Amino acid sequence: MKRLIPCLEADKTEIELILLIKTIVTACKDISFRVSQGALSNVLGSTLDENIQGETQKKLDVLSNQLLKDMLFESGKVRTIASEEEDYVVAATEGAPYIVAFDPLDGSSNIDINGQIGTIFTIYRARDDVPFDSKLQFAQKGSEQVCAGYVLYGPATMLAMTTGGPTRLFTLDKTQGCYLLTEPEMNISADTQEFAVNMANQTQWSELFKAYIHDLVAGESGVRNKRFNMRWNGAMVGDVHRVLSRGGIFCYPTNINNPTQPAKLRLLYEANPLAMLVENAQGKAFTETTRILDIEPDDIHQRVAVIMGSANEVDACLNYLQ
Ligand code: AHM
Ligand code: MG
């Protein structure tokens with residue numbers, strides 16, 4: 001089986017980018033080890049702090065964030081960093097070619113129950129037209145990403161990644177400490193009978209979105225004339241991994257009861273990288289109105305509604321929302 005680096009070389013990925021990807025996935029190997037040790041590594045539970053988004057930080061959130069930051073600083077390849085766990089952008093190496101954003105540990109509420117969690121990352125070229133340490137470095141559309149990926153810490157540790165070509169899946173061989181190519185081209189089926197949404201949020205949905213889910217749940221006897229099944233991990237990285245692996249639709253729609261924070265998921269380090277992975281596996285990724293990768297960002301912690309997955313089912317959902 002092909003290893004990650006030779007695979008990137010065969011894809012003609014630029015050497016500086018290969019070195020940066022290597023840094024990120026090496027940090028993730030460390031996170032994977034600590035996650036797999038569970039309570040033995042003394043990383044379970046919460047800290048006493050909150051991040052800028054008012055969420056309690058878990059010990060593993062903080063640790064993963066620090067680990068990634070330290071290794072990215074050392075690499076010398078990153079001009080500026082943005083993270084879910086950092087209030088502001090973090091200046092790294094002036095003149096370096098790339099900027100990196102990440103959610104160090106997506107699905108934090110799964111940490112203490114030994115559920116699926118993962119690190120989501122995205123890489124852009126640094127901008128020379130704005131100061132190296134400005135948040136404007138990240139004022140780039142998702143379509144500008146040069147690499148998007150996640151490392152999923154499940155029963156196996158897996159890396160899904162694209163550098164513009166197909167979305168490839170690698171599995172961490174823990175005996176050798178290397179990522180091996182196990183799925184050269186992920187391909188999301190256009191049709192599906194599986195959806196992922198937090199059903200407990202129904203009172204927050206628009207009437208149009210309620211109608212869509214109602215018709216899915218109605219099964220063979222409803223207008224869709226087809227039985228749908230529901231799966232929900234509570235970690236977007238795990239839910240989207242399932243969608244990439246066997247098709248499906250993942251929805252996190254607008255909360256109409258909360259005008260100050262109508263969406264939950266973050267554009268920069270959750271929606272954009274997962275949208276690129278989904279699109280490069282023949283899926284679609286939209287908010288309720290717009291292709292996610294076309295959004296002009298206005299803040300590093302900006303939130304968006306998300307509907308992504310099997311192309312025909314995303315179209316079907318969007319039809320309800322017009
Ligand atoms: P996190 O980045 O703090 O872990 O929050 C994001 C997560 C997503 O992974 C997941 O889809 C969503 O929050 C679930 O939230 P909820 O359980 O509130 O519906
Ligand atoms: Mg997250």
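**Ligand 1 and the magnesium site**

In this predicted model, domain 1 (4-183) and domain 2 (194-320) both contribute residues to the shell around ligand 1, so the ligand lies between them. The shell comprises 6 nonpolar, 4 polar and 7 charged residues. Of the 17 residues around ligand 1, those that come nearest are Glu-84, Gly-107, Asn-198, Met-236 and Tyr-252. At least two shell residues are supplied by each of E5, strand E13 (249-252) and strand E14 (265-266).

Polar contacts to oxygen atoms of ligand 1 involve both backbone and side-chain atoms of the protein. A backbone N or O atom of Met-236 is placed 2.6 Å from an oxygen atom of the ligand. In the side chain of Lys-264, an N or O atom lies 3.0 Å from an oxygen atom of ligand 1, and a distance of 3.0 Å is also found for an N or O atom in the side chain of Glu-270. Ligand 1 taken alone exposes 470 Å², of which the protein buries 83%.

Glu-270 also takes part in metal binding: the magnesium ion (ligand 2) is coordinated by Asp-103 (OD), Asp-106 (OD) and Glu-270 (OE), at 1.9 to 2.2 Å. The spacing of these donor residues in sequence is D-x2-D-x163-E. Because Asp-103 belongs to strand E5 (residues 98-106) and Glu-270 to helix H6 (residues 267-279), the pair ties together parts that are 167 residues apart in sequence. Asp-103 counts as buried, at 0% relative accessibility, and Glu-270 is likewise buried, with a relative accessible area of 1%.

Key
Residues are numbered from 1 along each chain as its sequence is written. Chains are lettered from A and ligands numbered from 1 in the order in which they are written. This is a predicted model: local features need pLDDT of at least 70, side-chain atom pairs count only at pLDDT 80 or more; totals for chains, interfaces and linings use all residues. Side-chain values use heavy atoms; hydrogens and water are left out. Donors are N, O and S atoms within 2.8 Å of the metal (3.2 Å for Na, K and Ca); water is not among the atoms, so sites may look incomplete. Helices (H or I, at least four residues) and strands (E, at least two) are DSSP runs, numbered from the N terminus. Buried means under 20% relative accessible area, exposed over 50%, partly exposed in between (1.4 Å probe, protein chains only). A residue is near a molecule or strand if one of its heavy atoms lies within 4 Å of it. A polar contact is a pair of N or O atoms within 3.5 Å; within protein, one must be able to donate a hydrogen and the other to accept it, and residues adjacent in sequence count only if both atoms are side-chain atoms. Accessible areas come from the Shrake-Rupley method with a 1.4 Å probe; for residues, only the protein chains shown count as cover. Ala, Val, Leu, Ile, Met, Phe, Trp, Tyr, Cys and Pro count as nonpolar, Asp, Glu, Lys and Arg as charged, and the others, Gly among them, as polar. Domain bounds come from an automatic or database domain assignment.
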